[in-house]
Amino acid sequence: MPEIRGNEWKYVQECLDSGWVSSVGAFVGRFEQMIAAYVGANYAVATVNGTAALHIAVLVAGVKPDDEVLVPSLTFIAPANAIRYVGAWPVFVDAEPEYWQLDCQKVVDFLERECQWRNGELYNKMSRRRVKAILPVHILGHPVDMDPLLEVAQKYNLMVIEDATESLGARYKDRMVGHLGDIACFSFNGNKIITTGGGGMIVTDKEGWARQAKYLTTQAKNDPVEYIHKEIGYNYRLTNIQAAIGCAQLEQLDNYIAVKRRIAATYTCGLRDVRGITAMREASWASSIFWMYTVLIDELEYSMDSRALLERLSDAGIEARPLWQPLHRSPPHAASQATDCSVAERLNRDALSLPCSVGLGDQQKRVLDALKMPKDHERRY
Ligand SMILES: *Cc1c(COP(=O)(O)O)cnc(C)c1O
């Protein structure tokens, strides 16, 4: 559940009182500026949701039909769908076992071994398609280990599109997530660290890309009076009411992150001695926002697999959830290439995300108690 306890009412009331409720209004620009400043980027363009932000980011990054984009298999499906929206193809790459993020070494290996540099462009030897971009997703609040990826992207002139929708406020080696590649996307859906009900943001340092993103998200209107359009655009605008909520939410982000990190520390400490449960970790080079606190269940050690535990928690009124089906197993993406994704499969099998909303409070102790001593619990049922 989101926390609505700051200036949300006040700012929304300003919208209602002034009549600026729709896609024009001062809060849209203000929210864009606040996000750009927070991330340290030059430009931000608000969108109706994070998926729309990804769609437009892929377009302005110059990804063309039949191009390929490297993307993690273990993520929510939206970034892979966005690649398909423009007629391009995802190539799915495995997760790494330490922090469960995109395995950048496997990205490098694929580009070095499976691709060929020809006339200043990189081609997948097997599919013969051009590889145009890498789309890392910082999942669960933790950053991807970006440096090897940025290096190989530079070497082969690939665009780097960050899906930072789950990790607003996270840092990679003291750099802000969302300001590491060429362009980045955020989401303000209800389940994210801050919400506008629904909403998204594109962030970039490139002025031309930002201008193009604004143009494409606002129906690609070339003449505001005569309704002349030179391209097919989209109505991907965020409303002033949503932006007003966003401004109020962003004021509280650092506080939310502090609470999230405290919840994570309490789980990690409380689960330290529970055999068969591996807590999620934070790399020494990272500052995670622990957006979605997740653990791995070792079936033999814990004497119960993750799905049986899921059911047992549900019986106790505790809502846990598995991670996403790896995208190389996802029917709508069956035609896309995947490298070996065995880590993603294992994580999907063993992982459970635990309740961790900012308002969790005392309930956390109940969750911890339910996770300890599975056998005793079994006997009671
Ligand atoms: C939430 C999310 C999105 C999409 O955001 P919406 O605002 O729901 O469209 C994209 N990618 C990832 C990884 C997400 O978790």
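The accessible surface of the protein chain adds up to about 17,100 Å², and carbon and sulfur atoms own 49% of that. Areas here are Shrake-Rupley values with a 1.4 Å probe, and for residues only the protein chains shown count as cover. Before going further: this is a predicted model, where local features need pLDDT of at least 70, side-chain atom pairs count only at pLDDT 80 or more, and totals for chains, interfaces and linings use all residues. Residues are numbered from 1 along each chain as its sequence is written, and side-chain values use heavy atoms, with hydrogens and water left out.

**Overall build**

How much of the chain is buried? Of the 381 residues, 55% are, where buried means under 20% relative accessible area, exposed means over 50%, and partly exposed is what sits in between (1.4 Å probe, protein chains only). The radius of gyration of the protein chain is 21 Å, which agrees with the value near 21 Å that a compact globule of 381 residues would have. That radius is taken over C-alpha atoms, and the globule rule is 2.2 Å times the number of residues to the power 0.38. Along the principal axes, the C-alpha trace spans about 75 × 60 × 35 Å.

For secondary structure, the protein chain has 14 helices and 18 strands. These are DSSP runs numbered from the N terminus: helices are H or I with at least four residues, strands are E with at least two. As for contacts (heavy atoms within 4.5 Å), take the ones between residues at least 6 apart in sequence: 69% of them join residues at least 24 apart.

On charges, there are 42 positive and 47 negative side chains, and the centres of the two sets lie 1 Å apart. Lys and Arg count as positive and Asp and Glu as negative, while His and the chain ends are not counted. Each charge is placed at NZ of Lys, CZ of Arg, CG of Asp or CD of Glu.

**Two domains**

The domain assignment splits the protein chain into domain 1 (8-252) and domain 2 (254-380); such bounds come from an automatic or database domain assignment. Taken over C-alpha atoms, the domain centres are 26 Å apart. Across the boundary, 49 residues of domain 1 are in contact with 41 residues of domain 2.

**Two helices and what covers them**

Helix H4 (residues 78-85) has Ala78, Pro79, Ala80, Ala82 and Ile83 buried. What do the buried residues of H4 pack against? Their partners are helix H3 (50-60) plus strands S2 (68-72), S3 (89-93) and S7 (159-163). Just past H4, Gly87 takes a positive phi of about 85 degrees.

Over in helix H12 (residues 342-350), the buried set is Val343, Ala344, Leu347, Asn348 and Asp350. Their cover includes helices H5 (104-113) and H11 (306-315), along with strands S16 (294-297) and S18 (351-353).

**Loops and single residues**

Two asparagines have a positive phi although neither is a glycine: Asn119 and Asn157. Here they are together:

| Residue | Phi | Loop | Relative accessible area |
|---|---|---|---|
| Asn119 | about 50 degrees | between S4 (115-118) and S5 (121-124) | 76%, exposed |
| Asn157 | about 55 degrees | between H6 (146-155) and S7 | 48%, partly exposed |

Thr218 sits in the loop between helix H7 (207-217) and strand S12 (221-223). Thr218 counts as partly exposed because its relative accessibility is 26%. Leaving out residues up to four places away in sequence, Thr218 touches Tyr234 and Arg237. The C-alpha atoms of Thr218 and Tyr234 are 6.0 Å apart, with their positions 16 residues apart along the chain.

Two arginines round things off. Arg329 is in the loop between H11 and strand S17 (337-338), and at 51% relative accessibility Arg329 counts as exposed. From Arg329 to Ile257, 72 residues away in sequence, the C-alpha to C-alpha distance is 33 Å.

Arg366, by contrast, belongs to helix H13 (residues 363-371). Is Arg366 exposed or partly exposed? With 42% relative accessibility, Arg366 counts as partly exposed. Setting aside neighbours within four places in sequence, Arg366 is in contact with Ala316, Gly317 and Ile318. Its C-alpha atom is 50 Å from that of Glu207, a residue 159 places away along the chain.
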